[in-house]
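The following note sets out numbered comments on the model for a colleague at the bench. Please read each point beside the sequence and the structure.

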Amino acid sequence: MTAMAVDQTAFRSVLGHFCTGVTVVTGRDGDTLAGFACQSFAALSLDPPLVLFCPARTSRTWPVLAAAGRFAVNVLAEHQEEISAVFGARGEDKFARVAWTPAPSGAPLLDGALTWIDCELEAVHEAGDHYVVIGRVTALGTPSEARPLLFHRGRYAVTEAARDALAALMPWPRPDDWL
């Protein structure tokens with residue numbers, strides 16, 4: 001089977017129809033703070049508890065996070081579009097523009113986030129023009145009741161209540177996740 005060339009614009013357009021949550025991955029290496037907005041974040045494993053995110057190889061933030069060996073994932077709430085924009089743009093001191101406290105690892109936890117996940121760097125894999133970074137979860141924040149900030153078709157979005165058709169299909173009590 002031969003691989004077909006996939007147009008990058010079409011690829012981006014098609015995958016833009018997949019709704020993602022918006023996070024800010026942060027870290028601290030000594031006195032250096034770093035963070036970037038990240039949509040490529042996912043839960044990976046329950047046992048052991050692992051998550052993943054995918055920074056670009058050209059990221060100026062990733063080397064700081066890699067050197068720190070620890071990072072925090074801040075899951076943004078619906079009211080944090082501006083914070084996503086700050087951490088999604090290149091700039092000097094992004095942390096001067098937001099309030100934060102240190103996670104157990106020392107990584108910045110952004111005030112008002114929906115929740116947070118603190119991690120130790122477990123593994124890094126090269127994957128095209130990105131890295132796949134796997135983190136072992138070491139601490140968790142308590143989720144707020146706010147709605148999550150989402151990204152869909154090139155715009156921010158938020159959830160709306162939908163008919164619970166799954167309730168009749170799932171014979172077990174279900175938490176808020178699918179792991």
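1. Leu 76 sits in the loop that runs between strand E6 (70-75) and H3. In this predicted model, Leu 76 has a relative accessible area of 0% and is therefore buried, since the limit for that class is under 20%. Leu 76 also has a partner distant in sequence: Arg 147 is 71 residues away along the chain, yet the two C-alpha atoms are 8.9 Å apart in space.

2. Arg 147 appears again in a salt bridge, this time with Glu 78, where the closest N and O atoms are 2.9 Å apart. Glu 78 belongs to the loop between E6 and H3, while Arg 147 belongs to the loop between E10 and strand E11 (150-152), so the pair ties together parts that are 69 residues apart in sequence. Glu 78 is partly exposed, with a relative accessible area of 28%. Arg 147 is likewise classed as partly exposed, at 35% relative accessibility.

3. How many salt bridges does the structure hold? The count is 4. As a general principle, side chains of opposite charge can pair when their charged atoms come close. A further example joins Glu 126 to Arg 57, with 3.1 Å between the closest N and O atoms. Because Glu 126 lies in strand E9 (residues 115-127) and Arg 57 in the loop between E5 and helix H2 (62-68), this pair ties together parts that are 69 residues apart in sequence. Glu 126 counts as exposed at 60% relative accessibility, whereas Arg 57 is partly exposed at 37%.

4. Strand E9 also supplies Glu 122, whose side chain meets that of Arg 136 in a salt bridge (3.0 Å, N to O). The pair links distant parts of the chain, with Glu 122 in strand E9 and Arg 136 in strand E10, 14 residues apart. Both residues fall in the partly exposed class: Glu 122 has 39% relative accessibility, and Arg 136 has a relative accessible area of 30%.

5. The largest pocket deserves separate comment. Its volume is about 1800 Å³. Of the 43 residues in its lining, Arg 12, Ala 37, Gln 39, Ala 56 and His 130 are the closest to the centre. Four elements give two or more residues to this lining, namely H1, strand E3 (32-38), helix H3 (81-88) and strand E10 (130-140). Which element gives the most to the lining of the largest pocket? That element is E3, with 7 residues. By residue class, the lining of the largest pocket divides into 20 nonpolar, 15 polar and 8 charged residues.

6. A nonpolar patch on the surface is formed by Val 6, Phe 11, Val 14 and Leu 15, which together have about 410 Å² of accessible area. Val 14 is placed in helix H1 (residues 8-15). Is Val 14 buried or exposed? Val 14 counts as exposed because its relative accessibility is 58% and the exposed class begins over 50%.

7. The peptide bond that joins Asp 47 and Pro 48 is cis, with omega about 0°. Pro 48 is located in the loop between strand E4 (41-45) and strand E5 (50-53). The reader may wish to view this bond in the displayed model.

8. Two other pairs are separated in sequence, and their C-alpha distances are given here. Thr 23, in strand E2 (residues 23-29), is 51 residues from Asn 74 in sequence and 5.3 Å from Asn 74 in space, C-alpha to C-alpha. Thr 23 counts as buried, at 4% relative accessibility. Ala 99 is found in the loop between H3 and strand E7 (100-102), and at 44% relative accessibility Ala 99 counts as partly exposed. Ala 99 and Leu 110 are 11 residues apart in sequence, with their C-alpha atoms 6.2 Å apart in space.

How values were computed:
Residues numbered from 1 in each chain as written. Predicted model: local features only at pLDDT ≥ 70, side-chain atom pairs only at ≥ 80, totals over all residues. Heavy atoms only, no water. Patch = residues over 30% accessible without salt bridge, like charges linked within 9 Å, V, L, I, M, F, W, Y side chains within 5 Å. Areas by Shrake-Rupley, 256 points an atom, 1.4 Å probe, with all protein chains shown as cover. Buried < 20%, exposed > 50% of the residue type's maximum accessible area, 1.4 Å probe, protein only. 1 Å grid on protein atoms, 1.4 Å probe; cavity = no way out; pocket = protein on both sides within 12 Å on 5 of 7 lines; lining within 4 Å. Points joined across faces, edges and corners; volume = space filled by probe spheres on them. Nonpolar A, V, L, I, M, F, W, Y, C, P; charged D, E, K, R; others polar.
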